[in-house]
Structure formats: structure tokens, C-alpha cells
Amino acid sequence: MKKKARSDKFYRKTFLFFRPLFCLVAKMKLGVKAKQPKKFDEPILIYSNHTTDLDFLAVSAHIKNHFYLVCSRHILAMGLTGWLIEKLFHPVAVFKGSVKGGEMLDLLRRIKRGNNVLVFCEGRLSHNGRTQPIGIAAAQLAKAAKCRLVTFRTDGGFFKQPRWQKGMNPGKLFDSGIVNEYSKEELAALSDAELLEKIEKDLYTDAYEEQKKRMQKLKFPHGVGEILNYYSLCPACHDESLVCKDGFTLACKNCGYEMRWNEYGFFESEKPIVKTTAEWEALEQKAYSSRFSEGKFLADDGVSLFATDEAFQKTPLGTGTLASSAEGLSFGERSFPFSEMEGLEVLAGGASLVFSSKGEHFLLTTDGGNLAKYLYLYEWGKKQSTKES
Ligand SMILES: [Zn+2]
């Protein structure tokens, strides 16, 4: 018991030692400067939306207290960076997409010991500019924590670091700050569903809606070629034949359709079909759903399968064809029914997938291809099985 208390003290001290640096980087990299950062004198659970890898710096600029982060295991496995994050800040390590009971227990215990914890409820960066759906578990966790809940939101981060892009763009966030606070008594009086509604409302942002009002010129030094790892259907002919021509123009080799990403972050075209990534996603979802209903499923060659352990160490299981059906994914002899899969999630901007199945963890990866489209199938497959049951 004594050892744990000492550990918290160590991490609290380390964090607060680094906080001035966090605030400086938040100002330089995100344009965040909190006029009156708030200090809490009771343990808090912080829920934030997730738009860039540096979101925690924005939170730190606005909240003076030390907090533990909830962090995906694949980040902690990233060489020196992961090692340093673990050694200095000891985050609550979780498997992406499927947070286990033990991991939640770790989080709750830290709060019980008087610490604060920051959770990015969506568990992922936004790929379309909107806050992603939040699970009911977020509301249940907030009630179980029996402490003050603080909701926090960043706006405009999508244009700095869309999920399909590896690097970060220059420029400031549109805005950031604490949205609401809920005492443990207020939380206890709400049903899980009522609380989830409040959390979703507090954390909701739509970068495109905000940008429509601002029409601010933005910088995209990386171009948008990497978007094809995430969205790849031509909006005109629905073929997977788009190529990126000059960093900003996406051209279809099948029908010749072209659209160009402009300096405001919108698509423009002589024949506009989609103007935003959210609109493109809606189009893809519809196109793929009708394909799946006709029995046409996805397959990709040159995909590698790995088993991953708690420390995200990878064991190669082979390279070959990833195939799919209404029931699930298959890879060589192995099959992964959707009914047994947990938390299918995208990594590497769309070129990798992670999931758990029967207590084992797997990674599928392709060299620069789009595996994000399998999310449409996973969602579609789950809907079909709910319809049947
Ligand atoms: Zn086309």
C-alpha cells in the first residue's frame, strides 16, 4: 500500500515538473493559452474529445492539476517515446477498442487514491471532423468513479491532425476548454443514458461546421494523399481507383472524376459530389452496404497478420489474403467471426486493423492499403445479426 502511495507522489511531481513545458508546447503547437487555468481540490475524472496527439497538452494548459492519461498499449510499445511515457507518466494502459475490466479497475483505483484521470472517450482521433460515438461504458465509469466529472472539448484539431494523416499540420486549434462539471451527487442522480447524452453533447464538435462559420485559410504541408488509406471509393463511379496526383487532387483512373482539397479543408470539383470527409464517408457507407447486401464482400492481398500481447509485442502469423463475408473476416485457415470479435479499430491512418477475439489480440496490416473499409463491413455485419436475432 505504501509503495503505491509513493508511486503516485512520484508521478504527480514529475508531471507538475513538466507542466510548464506542456503549457509552452500547447501554446506553440496548438495555439492554446488558458487565461485562468483551473485548480481542483478534489479528485476529478476528465472526459475529452480527441482530435490530435497533443490534446493532453491543451487539457494541461487549462487544468493545473496532475492527471494520469488513459493510453493505448500500441503507443506505449513505440520504442523510446513509449518507454519514456511509461516511465515518467505511468498511464492507464488499454487495448484499443476494447477496454477490459482490469484496466477499468486500475483507473478507478487511481481515482480512489486521490488522483485525477484523463480519458479520451472516443478512444480514437476523428477521421471525419466530428466527435465519434461514445459508448455507454463512459457514463457507467463516470458514475462508478464517484468523483467530480469535468468535460473538456477541443475544436478544430481535425484540420491539424486528421486520423488518416501521419504528421501534424501547423496552425492553431479553433478553441479549447472545460465545458461542464458534474459533482458525484449530480452524476448519481442521472441514469446512464441521461449522463451519456450530456457527455456526448459536451464533447461534440464538427470541425467542418465550425470552419463553415470561420472560413479560415489552413495549411496542409503533407497534402492529402494519405486519405486514400481511409477513404478510397471514387464518389462518381464508386470504384476503388482513386490516385493522388499532386498532393491535393484525387483522380479516378476508372472514370476520370477529379476532386481537389482546397486551402479551407473542403473538397472542390467541377462536378461536386462530396465537399467534406463526413459526406464522403456517408457515400461510402451507402455504397458498401448495398454491395454487402448483394453478397459482394471485401478482400485484400498482401495483408500481414500478427498476434499481439499485453505489451503490444508482435508475433507474425503470415502474409496473405484477407477475405470477408457477412459473418466475419478470414485469413488463410483462420476465421474471425464478428460475433467473437471485439473492438475492431483502425491504426496507422487506415493501413492497419486491431481487434480482440476469444481473449487473443490481433493486428492486420498492409503496406499503404486501405483496411479502414472493413469497419463498414463490421458495422454492417453487426446490424444484420441484430436484425436476425
Ligand atoms: Zn470514378
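# Questions on a predicted three-domain model

User: In which strand is the place of G343?
Analyst: The model discussed here is predicted. In the secondary structure of this model, G343 belongs to the strand that covers residues 341-347, and that strand is β15.

User: Does G343 count as buried, exposed or partly exposed, and why?
Analyst: A residue needs 20 or more other C-beta atoms within 10 Å to be buried, and 12 or fewer to be exposed. Because G343 has 16 C-beta neighbours inside 10 Å, it falls between these limits and counts as partly exposed.

User: How far apart in space are G343 and S357?
Analyst: In sequence, G343 and S357 are 14 residues apart. Taken from C-alpha to C-alpha, their separation in space is 9.2 Å.

User: What is the radius of gyration of the protein, and what would a compact globule have?
Analyst: The C-alpha atoms fill a box of roughly 65 × 50 × 45 Å along the principal axes, and buried residues make up 41% of the 389 residues. For a compact globule with 389 residues the radius of gyration would be near 21 Å, and the protein agrees with this, having 21 Å.

User: How far apart do the C-alpha centres of domain 1 and domain 2 lie?
Analyst: The division of the protein gives domain 1 (2-214), domain 2 (225-293) and domain 3 (299-388). For domain 1 and domain 2, the distance between the C-alpha centres is 32 Å. Their contact takes residues from both sides, with ten from domain 1 and ten from domain 2, while the centres themselves are separated by 32 Å.

User: In what order do the six strands of the open sheet stand, and which are the edge strands?
Analyst: The pairing in this open sheet is mixed, and the order of its six strands is β3-β2-β4-β1-β5-β6. Pairing on one side only marks the edge strands, which are β3 (92-94) and β6 (175-182).

User: Which residue of β3 stands opposite S72?
Analyst: Strand β2, residues 68-72, pairs with β3 in the parallel sense, and three bridges connect them. Within β3, the residue opposite S72 is V94.

User: At about what angle does helix α8 run to β5?
Analyst: Helix α8, made of residues 192-203, lies across three strands, namely β1 (44-48), β5 (148-155) and β6. With respect to β5, the helix runs at about 35°.

User: Which residues of β9 point to one face and are buried?
Analyst: The side chains alternate along β9, residues 258-261, and E258 and R260 point to the face where they are not buried. The other face takes the buried residues, which are M259 and W261.

User: Which residues are the bridge partners of M259 and W261?
Analyst: Strand β8, residues 249-252, pairs with β9 in the antiparallel sense over three bridges, whereas two bridges join β9 to the antiparallel β10, residues 267-268. Each of these pairs forms a hairpin with five residues between its strands, with G256 in the turn of β8 and β9 at a positive phi of about 85° and G265 in the turn of β9 and β10 at about 90°. M259 is bridged to L250, and the partner of W261 is F267.

User: How far apart are the end C-alpha atoms of helix α5, and which span should its twelve residues have?
Analyst: Helix α5 covers residues 101-112 and is followed by G114, whose phi is positive, near 100°. At 1.5 Å a residue, the twelve residues should span 16 Å, and this agrees with the distance between the end C-alpha atoms, 16 Å.

Technical notes: Residues are numbered from 1 along each chain as its sequence is written. This is a predicted model: local features need pLDDT of at least 70, side-chain atom pairs count only at pLDDT 80 or more; totals for chains, interfaces and linings use all residues. Two strands pair if DSSP finds at least two bridges between them. Helices (H or I, at least four residues) and strands (E, at least two) are DSSP runs, numbered from the N terminus. Two residues are in contact if their C-beta atoms, placed from the backbone, lie within 7 Å. Axes are lines fitted to C-alpha atoms, for helices over the stretch in contact, and angles run from 0 to 180 degrees between N-to-C directions. The expected span of a helix is 1.5 Å times one less than its number of residues. The radius of gyration is taken over C-alpha atoms; the globule rule is 2.2 Å times the number of residues to the power 0.38. Domain bounds come from an automatic or database domain assignment.
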